[in-house]
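Dear colleague,

I am passing on a structure that I would like you to look over. The file comes first, and my notes on it follow.

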Amino acid sequence: MEIYQKIICRIVNVSVKYSNKMDRKRKENALLISCLMITCCALAYSCVLSGVHLLVKCMIGAIFCVCIIFFSIDNEIKPVKWDKKVVYLWFAFGIIRLISGFVTSLEYLPLALIWLIIFPTIFLVWNNRGDYSTLVYCLYKAIVYPVSILVIISIFTVKVSGIGYGGITGNANSLGQYISVAFPLLLAKHETECKNKRKSVLWLVQFALFCVATFFTKSRTTVLMFVITFLAWIGYQLLVKKVSVKKYGIELVKIVLITLIIFGVTVEINEVVASQIDYNPVQIELKKSEKQEGGMKNIIGGYVDRMDGNDKHAGGLNNYSSGRIGIWESSLQKLNLLGHPSSDHIITERNGDVGNNVHNTFLQFAYDHGVLGGILFLLLYGMSLIKTVLICAKGKKDTEWILYVNLSYISVTMLASVNLPFLYVISFIYYISYAQLFEKENIK
């Protein structure tokens, strides 16, 4: 690892004199724009450019990651002490992906190289800087604000009804995944943003919008994420930050009241405005049984039906999971040591041909890169979660966001395959959180 770091330092330090010609404020703005472009590209793939090839996504994403590295440089970077337990698992999984790229399918090579080179370089640069609050603030603005705009545009253009709501993305789970990456960052910035009255109001409105959008999607994955991260946030405030129960209770009452008000206003606005526009992002005709009117009663009724599984045509756990259990069983039967190319599809009796989408990220990596790859990624996540809980329990500065991102990520990954960081921003932000997890901590 020391040799590897020295190689990275030698390459990156060539650009130090060019990076340092820019003043600090201008570099922070450029860093923010670079992070923002990652989010904007992902949104474009979801809402407009659905057919972009994986290689193109990787190339564009890599370019913006290089920009993030360049604008993150503060001074000459030097080797630092990395946590071997986390780092070795990271690189072991990366090497498996690299081997899979040569043996199983060349399509896996770009992401393997990004995993092994681009992300560790970002980590090393920020390990040298140490002011992770700057990084978190850039990520916060680059993700929370675009997702807020996504929700607002969706409410004004796409009618909400009793069925799953995807807004302008056209897919409830897709909209839910954007909320899943923005919501934990919003929670992490509560203390700093709410010191200012104007920012406090904006924070409350954004919280309410994400809460309302989560309700509209009727996505059980998104609801699970929302509940887990919100409870973790409450626990962190009371147990680690030692906020008084009375003071925090008043804050929660305020949040609930604002959310209920915005929910009612949003439904009315959507009913009046979106009904006139009647935008259909996926351009499909719904069956008669699926066409449902909007309005508060139908929206709430549709949500209850969705959570209870009454929207399914048959009973049973497999139907309640939208066929995921059948997909998992089929993929488990096909697991091997070398993995499968994306052309090797999974076919189930209930869902038919589902492509190579396993709907579980850990299982997806095992399916793509072989059993060992899946096990290594599972161990990596387990190690990252343990370390995150330990450093957060110490109340270390600028670590709160990692906890919420970590919990949001596991909530989504258990029920969806979010293995592409430049398409699924939740993966990108989770990988970036390793910048702090790579650092060696003296934790008992």
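Throughout these notes, helices (H or I, at least four residues) and strands (E, at least two) are DSSP runs, numbered from the N terminus. This is a predicted model, in which local features need pLDDT of at least 70 and side-chain atom pairs count only at pLDDT 80 or more, while totals for chains, interfaces and linings use all residues. Residues are numbered from 1 along each chain as its sequence is written, and side-chain values use heavy atoms, with hydrogens and water left out.

On that basis the protein has 20 helices and two strands. Buried residues (under 20% relative accessible area, with exposed meaning over 50% and partly exposed in between, for a 1.4 Å probe and protein chains only) make up 52% of its 444 residues. Where contact means heavy atoms within 4.5 Å, 77% of the contacts between residues at least 6 apart in sequence join residues at least 24 apart.

I begin with helix α15, residues 324-334, where E329 is placed. With a relative accessibility of 47%, E329 counts as partly exposed, and its C-alpha lies 9.7 Å from that of V358, which is 29 residues away in sequence. S330 is also in helix α15, but at 17% relative accessibility S330 counts as buried. Once neighbours within four places in sequence are left aside, S330 is in contact with I346, I347 and T348.

The helix to which I gave most attention is α5, residues 84-103. The expected span of a helix is 1.5 Å times one less than its number of residues, and for the 20 residues of α5 this gives 28 Å, in agreement with the 28 Å between its end C-alpha atoms. At the start of α5 there is a polar contact, in which a side-chain oxygen of D83 comes to within 3.1 Å of the backbone nitrogen of K85; such a contact is a pair of N or O atoms within 3.5 Å, and within protein one must be able to donate a hydrogen and the other to accept it, with residues adjacent in sequence counting only if both atoms are side-chain atoms. The buried residues of α5 include W90, F91, F93, I96 and R97, and among the elements that cover the buried residues of α5 are α1 (2-12), α6, α16, α17 (371-393), α19 and α20 (434-437).

How do α5 and α16 pack? Their axes come within 10 Å and cross at roughly 40 degrees, α16 being residues 361-369. Axes here are lines fitted to C-alpha atoms, for helices over the stretch in contact, and angles run from 0 to 180 degrees between N-to-C directions. The crossing makes α5 oblique to α16, given that angles under 35 degrees count as roughly parallel, over 145 as roughly antiparallel, 65 to 115 as roughly perpendicular and the rest as oblique. From α5 the contact is made by F93, I96, R97 and S100, and from α16 by F365, D368 and H369. These residues divide into three nonpolar, two polar and two charged, where Ala, Val, Leu, Ile, Met, Phe, Trp, Tyr, Cys and Pro count as nonpolar, Asp, Glu, Lys and Arg as charged, and the others, Gly among them, as polar.

Helix α4 (residues 54-72) has 19 residues and reaches 26 Å from its first C-alpha to its last, close to the 27 Å expected. Its buried residues include F64, C65, I68 and I69, and what covers the buried residues of α4 includes α3 (24-47), α6 (109-129) and α19.

In helix α19 itself, residues 425-432, lies S427, which is buried with a relative accessible area of 0%. Residues up to four places away in sequence not being counted, S427 touches Y409, V418, N419 and P421. V181, in helix α8 (residues 172-188), is buried at 1% and is in contact with I143, V425, I426 and I429, leaving aside neighbours within four places in sequence. V181 and I429 are 248 residues apart along the chain, yet their C-alpha atoms are separated by 7.4 Å.

Two backbone angles may also interest you. K218, in the loop between α10 (197-217) and α11 (220-240), has a phi near 55 degrees, a positive value in a residue other than glycine, and counts as buried at 1% relative accessibility. H359, in the loop between β2 (352-353) and α16, has a positive phi of about 65 degrees although it is not a glycine, and H359 is partly exposed, with a relative accessible area of 22%.

With best wishes
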